[in-house]
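Let's take a walk through a protein model, one spot at a time. Have a look at the picture below before reading on.

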Amino acid sequence: MATILDGSWVRDRILTELKPRVQSLAATQRPPGLAVVLIGDDPGSQIYVRNKVKACADLGVYSEKLTPPASISTAELLSLIGELNQRPEIDGILVQMPLPKHIDSRRVLEAVDATKDADGFHPTNVGHLVANRPASRACTPAGIMEMLARFEIPIAGREAVVIGRSDIVGKPMAMMLLHAHATVTICHSKTADLPGVCRRADILVAAMGRAAFVTDEFIKPGAVVVDVGMNRLDRRDEVERIFRGDAAKLAVFDKRGSVLVGDVDPHAMAERSSAYTPVPGGVGPLTIAMLMANTVALAERHLRTD
Ligand code: NAP
């Protein structure tokens, strides 16, 4: 039987460990502070931001949600970020992506002071990651590293294959696995013989955004499989096919009109792996926990040097 890598358990442990650090800062100086900038009315972004603000409240982190109108210009947004950069009680700044099309996202990400970058996306912090120096790390891959460590999954000397080369998941994931001494291969849409490359993996990370794309033939028996994908299925026949008629999933679909599936075929993952992250409940819960970890670490750094 494969081990289920339970993300909620890891999240709770991370948050429990952060709590005394937050309490100590609050008691001696001030609580850590996070500013979240949300622009537009994307329903997904609104849910993410609500969850981030709630996580702050639960942990005792001060948070501020800024919701400028969708018509805001790049210059106005840069000025808003400039103000947040100057405010001493704000340790972390997060600009919820995606931004409206007329805004230059790259300039916005670069405008956040690197020492207040809660997401780890600023080029300076990407450089720190490459150089393996302490700094904010991209939350989703950092959470996956925490998960692998806490389930005592060995990494050094093993073959790791990452499917996906995005700036927020694939690339930083590969770099973190490299720093943990895995032999790392990064795959993407132009990779030749994707199943064959993936079958080499002792640790396979799928971050491609393709529902149940990774099937039996991609997974070496006994591999550890980390499924980052979050894909919404809104067709009943798809749910029936992918979940092999699983009555519980169909009941969820009938109630909600959709269900989530990862990038890995859930049946193949459970059958062939030695350990895997379920969707939902695997990687998902870790991202916000690592956002909290980045924010607390930034506050500790700011307050040490204030
Ligand atoms: P992204 O920016 O769209 O990148 C997808 C990557 O997958 C690209 O590098 C792309 O290759 C590659 N890819 C797409 N189709 C492929 C194929 N058929 N064969 C091989 N490679 C393929 O996506 P992302 O932001 O990294 O997110 C990936 C998934 O993770 C999404 O489902 C997203 O919702 C999920 N996610 C989950 C969390 C969480 O907290 N659980 C956080 C972030 C993201 P090219 O570069 O060649 O186009």
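Is threonine 124 buried, partly exposed or exposed? Keep in mind that this is a predicted model. Threonine 124 sits in helix H5, which covers residues 123-131. Its relative accessible area is 38%. Buried would need a value under 20%, and exposed one over 50%, so threonine 124 counts as partly exposed. You can also check how threonine 124 is placed relative to serine 136: they are 12 residues apart in sequence, and their C-alpha atoms are 9.9 Å apart in space.

**A covered helix**

Now find helix H6, which runs over residues 139-150. Helix H6 has 12 residues and reaches 16 Å from its first C-alpha to its last, close to the 16 Å expected at 1.5 Å a residue. How many of the residues of H6 are buried? The count is 10 of 12, so the helix is mostly covered. Among the buried ones are Cys139, Pro141, Gly143, Ile144, Met147 and Leu148. Arg150 is on that buried list too. Just after H6 comes glutamate 152, which takes a positive phi of about 55 degrees.

**A serine in a loop**

Next, look for serine 258. You'll find it in the loop between helix H10 (247-256) and strand E10 (259-261). Serine 258 has a relative accessible area of 13%, and because that is under 20%, this residue is buried. Which residues does serine 258 touch, leaving out those up to four places away in sequence? They are Arg232, Leu233, Asp234, Val252 and Phe253. With arginine 232 there is also a polar contact, side chain to side chain, at 3.0 Å.

**Around the ligand**

Finally, turn to the ligand. There are 22 residues around it, and Arg165, Ser166, Ser189, Met230 and Thr287 come nearest. By class, this shell has 10 nonpolar, 10 polar and two charged residues. Here are some ligand atoms paired with polar atoms of the protein:

| Ligand atom | Protein partner | Distance |
|---|---|---|
| nitrogen | histidine 188, polar backbone atom | 3.5 Å |
| nitrogen | arginine 210, N or O atom in the side chain | 3.3 Å |
| oxygen | threonine 287, N or O atom in the side chain | 2.8 Å |

How much of the ligand does the protein bury? Taken alone, the ligand exposes 930 Å², and the protein buries 72% of that. Notice that threonine 287 turns up twice: it is listed with the residues that come nearest, and its side chain has an N or O atom 2.8 Å from a ligand oxygen.

Key
Residues numbered from 1 in each chain as written. Predicted model: local features only at pLDDT ≥ 70, side-chain atom pairs only at ≥ 80, totals over all residues. Heavy atoms only, no water. Near = heavy atom within 4 Å. Polar contact = N/O pair within 3.5 Å; in protein donor to acceptor, adjacent residues only side chain to side chain. Areas by Shrake-Rupley, 256 points an atom, 1.4 Å probe, with all protein chains shown as cover. Nonpolar A, V, L, I, M, F, W, Y, C, P; charged D, E, K, R; others polar. Helix = DSSP H or I, 4+ residues; strand = E, 2+ residues; numbered from the N terminus. Expected span 1.5 Å × (residues − 1). Buried < 20%, exposed > 50% of the residue type's maximum accessible area, 1.4 Å probe, protein only. Contact = heavy atoms within 4.5 Å.
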